[in-house]
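User: Could you take one helix of this protein and walk me through it slowly? I am new to reading structures, so please connect it to its surroundings as you go.

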Amino acid sequence: MAGRYTPKTVLAHLIQRRNQTYSEIVAEFVELGGTITERHLRRLASGERAGTTPQTRRTLQRMFGKPVEELLAPYVPEQAAQVVPAPAAGGRITTGNEMEVLDMAASRARAFALAAQTGLGSEAMEQVYDDVRHVAKAYPQRPLPEILGQLVETQDLVFALLESRQRPEHLRQLYFLGGVTGGLLAKASHDLGNPHAALTQARTAFLCADNADHHGLRAWVRGLQSLVSYWAGNPHDSVRYAQLGAGYAEQANSTTGVWLPVSEARAWAALGNADAARAALVRAENAWGTVQADELDEMGGLCTFGRNRQLYYAADALAWLPGERETAEQYSRQAVDAYNDQSHPEWAFGDAAGSHAAMAITRIASGELEGAADALAPVLGLPAERRINGVVHSARRVHQALRQSGHGDDARELQEEIEMFTRTPMQTFPR
């Protein structure tokens, strides 16, 4: 039975009123087509976590008859709510969206397959891999609010599996997946403008990489730390993290061998060290000669580093350096062209936006204000859910370039558009 304690949320109160254990609630949740771990449910009920997927919100509402916002609100005894019984098991799902119904059925099957085993079997292990791989591929191409809940729940699942008894041969795989999900959440925290949370997630991801003894994963996490530091305005830290990962990348021979030096290049460029930036760009290009895709690269999406991203990073780096205007223009043009095809597996809306911003900066340096406005137009047209931290900072760099160019008065309209754009960044996970 649920313990008699003072509940912190309305959800905890309703669970207590139903006289059920959390494991019984989870079983009922699965019966209704949802997917949730007991650990995640406890954290929701205790008020420690508010992020949920649309599917989880729908299922909780069906079980308790209240919107998630109300369920997760602090419980006030005077406002004790009446328990609404859950629909009978096997009740008909009527969402009006066949694909949604199929997704719910797949999630139920996944939860059953994982819960039905005391230790992970090969099929269950492949399911967890598939969950992580799916989020990694989707991350660069879909708005963060659409996948954040799934990413959080996937990490929660991996950690719950690591905390339970597992076969020794599966521990390394689970630590590997824990490192990947931690890295993706580090990027998510960065994209939402929270570098402290990003670096916290990255440290845990690196611990998982150590436990998995995976050089490519260690190097990848260092690359994420370099990225977070760069956009947080700490280029010295960005250089340091990139260099810390270099030895792991050399042993892995994965695409991190390209990502780390090109990340170092743009940090050096931000510091005004043109020689160090150019040398790092050369190292990045030379690294392609030894690249062999590893287990992490095969995840795809944010877990691998392709030539399109290399073009963008190079353009972003050289845009800082006045003496590299022509080369920066060439790289930015190539990067913009590379990201024109949204069906390409390497397409990423954030990197595409950064490429356009770099092109705008090079055109400002050439006095082409109309060309700069044209280059930045696709960025300023991004909806709020795609205005991640890096995109907003890239737009601000264009604004700074306009101020420093001496042509600010001639580009007042563009400056005002940028200011309006940066006032509405993506900040929250919509309920």
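Analyst: Here is a close look at helix H14, followed by a few other places in the chain. Please keep in mind that the model is predicted.

Let's begin with the setting. The protein has 20 helices and zero strands, and 54% of its 431 residues are buried. Among contacts between residues at least 6 apart in sequence, 67% join residues at least 24 apart.

Now to H14, which runs through residues 274-287. How far apart are its end C-alpha atoms? They are 20 Å apart, and this agrees with the 20 Å that 14 residues should span at 1.5 Å a residue.

Next, let's see which residues of H14 are hidden. Ala276, Ala277, Ala280, Leu281, Ala284 and Ala287 are buried in this helix. They lie on the same side of H14, because they cover an arc of only 140° around the axis. A general rule helps here: an α-helix has 3.6 residues a turn, so residues three or four places apart point the same way. On the other side of H14, Asp275 and Asn286 are exposed.

What do the buried residues of H14 pack against? Their partners are helix H13, residues 256-270, and helix H15, residues 307-318.

H14 is also linked to H15 through a charged pair. The side chains of Glu285 and Arg307 form a salt bridge, with N and O 3.5 Å apart. This pair connects distant parts of the chain, since Glu285 sits in helix H14 and Arg307 in helix H15, 22 residues apart. Is Glu285 buried, exposed or partly exposed? Its relative accessible area is 38%, so Glu285 counts as partly exposed. Arg307 is partly exposed as well, at 40% relative accessibility. In general, side chains of opposite charge can pair when their charged atoms come close.

That salt bridge has company, as a search of the whole structure finds 18 salt bridges. One of them joins Glu126 and Arg133, whose closest N and O atoms are 3.7 Å apart. Glu126 is partly exposed at 41% relative accessibility, and Arg133 is partly exposed at 21%. Glu146 and Arg142 make another salt bridge, with their closest N and O atoms 3.2 Å apart. Here Glu146 is partly exposed, with a relative accessible area of 47%, and Arg142 is partly exposed at 30%.

Let's now step back to H13, the neighbour of H14. Asn253 lies in the loop between helix H12, residues 235-252, and H13. Its phi is near 55°, a positive value in a residue other than glycine. With a relative accessible area of 29%, Asn253 is partly exposed. Asp213 gives you another example: this residue is not a glycine, yet its phi is positive at about 50°. Asp213 sits in the loop between helix H10, residues 195-212, and helix H11, residues 215-231. At 54% relative accessibility, Asp213 counts as exposed.

To finish, compare these loops with a hidden spot in another helix. Ala45 belongs to helix H3, residues 38-46, and is buried with a relative accessible area of 2%. Which residues does Ala45 touch, not counting those up to four places away in sequence? They are Lys8, Thr9, Leu11, Ala12, Ile15 and Tyr22.

Note on methods: Residues numbered from 1 in each chain as written. Predicted model: local features only at pLDDT ≥ 70, side-chain atom pairs only at ≥ 80, totals over all residues. Heavy atoms only, no water. Helix = DSSP H or I, 4+ residues; strand = E, 2+ residues; numbered from the N terminus. Expected span 1.5 Å × (residues − 1). Buried < 20%, exposed > 50% of the residue type's maximum accessible area, 1.4 Å probe, protein only. Arc of directions from axis to C-beta. Contact = heavy atoms within 4.5 Å. Salt bridge = Lys/Arg side-chain N within 4 Å of Asp/Glu carboxyl O.
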